[in-house]
Amino acid sequence: MSEFKDVLIRNVIFQYPKLDSGYLWNNAEVKSEKVSVSTPGAAWEISFIVSHEEGQNLWKQAISHFNECKKINSKLGQFGTIHSMKKNEDTTVFFTAKKKCITTKGIPAQAVKVIDAAKQPLADLSIWSGSTGNIKFSMLPTFNPKKEQWGIKLLLSAVQVIEAKYADQSDDFDAVNTGVDEVDPFGIPMDEKSDKQPAPTTPSFDLEIEGQEQAAKYDAVNPDMDDEIPF
């Protein structure tokens, strides 16, 4: 049995895609920065949103795979979470999958496969949040030393972009007299928030998962029934 379990999820909403190059988290700037794929620690990364029901299904798959791996690897501890998982207020669930640009052996990794709806290589990889499509990744049992917690990590394999969203190309338009005080070259009153995409925040293993404590208590009483879902 392999420690890697391939999973394909369709019709997701992508968030904070970083597929056009390697990216590295900058603690000083508190943001991800675009770097060369040869930079140590650089990774391709994308987050995605699924429905409440799809989140539950993914959680069940993670528990099942972790416990199967545990049967052949006694070093694995108790399942605790899907690393980087987060519940949204609207009941949808947020996950992140990533792939290191350099393998643990120091060899350049093959870039993440990114295709369009026609299954052709996507011409422009600089997609924005709100793009939709399908995603393929592998589940791997790992330990998070910061949280001292075992769980499942999502290793990014491939992305199919069905509907791509890109940066605003408003420079292609002519100026229009709107009859209001102009504060920019296009005659559109400036909304300080409108032209700023939310700063990408790389989800870390520190994300709290509602219900984790309850799941841990349940596992302590029922060690063979690791199926408590924090939804």
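In this predicted model, the elements of the chain follow the order β-β-β-α-β-β-β-β-β-β-α from the N terminus. That makes 9 strands and 2 helices. The chain holds 231 residues, and 37% of them are buried. About 13900 Å² of the chain is exposed. Carbon and sulfur atoms supply 51% of that area. Contacts often link positions far apart in sequence: among contacts with a separation of 6 or more, 71% join residues 24 or more positions apart.

The largest nonpolar core contains 38 residues. Within this core, the residues that touch the most other members are I9, F48, F95, I135, F137, L154 and V159. Several elements contribute at least two residues each. They are the helix α1 (52-72) and the strands β1 (5-26), β3 (43-50), β4 (79-82), β6 (93-100), β8 and β9 (149-163). The largest share comes from α1, with 6 residues. A broader pattern is relevant here. In soluble globular proteins, nonpolar side chains tend to be buried together.

I135 illustrates the contacts of a core residue. Neighbours within four places in sequence are left aside here. I135 then contacts V7, L8, I9, V12 and F14. Its other partners are I46, F48, A97, L156, A158 and V159. Three of these names, I9, F48 and V159, also appear among the core residues that touch the most other members.

N134 was examined next. This residue lies in strand β8, which spans residues 132-144. N134 counts as buried because its relative accessibility is 7%, under the 20% cut-off. A polar atom of the N134 side chain lies 3.0 Å from the backbone nitrogen of N11. That distance falls within the 3.5 Å limit for a polar contact. Apart from residues up to four places away in sequence, N134 touches L8, I9, R10, N11 and F14. It also touches A158, V159, Q160 and I162. N134 and I135 have partners in common, including L8, I9, F14, A158 and V159.

Cysteines were considered last. A disulfide is a covalent bond between the sulfur atoms of two cysteines. The count of disulfides in this model is 0. C69 is nevertheless buried, because its relative accessible area is 0%. C101 is buried as well, with a relative accessible area of 2%. Both values are under the 20% cut-off for burial.

Note on methods
Residues are numbered from 1 along each chain as its sequence is written. This is a predicted model: local features need pLDDT of at least 70, side-chain atom pairs count only at pLDDT 80 or more; totals for chains, interfaces and linings use all residues. Side-chain values use heavy atoms; hydrogens and water are left out. Helices (H or I, at least four residues) and strands (E, at least two) are DSSP runs, numbered from the N terminus. Buried means under 20% relative accessible area, exposed over 50%, partly exposed in between (1.4 Å probe, protein chains only). A polar contact is a pair of N or O atoms within 3.5 Å; within protein, one must be able to donate a hydrogen and the other to accept it, and residues adjacent in sequence count only if both atoms are side-chain atoms. Contact means heavy atoms within 4.5 Å. A nonpolar core is a set of buried Ala, Val, Leu, Ile, Met, Phe, Trp, Tyr and Cys residues joined through side-chain atoms within 4.5 Å. Accessible areas come from the Shrake-Rupley method with a 1.4 Å probe; for residues, only the protein chains shown count as cover. A disulfide is a pair of cysteine sulfur atoms within 2.5 Å.
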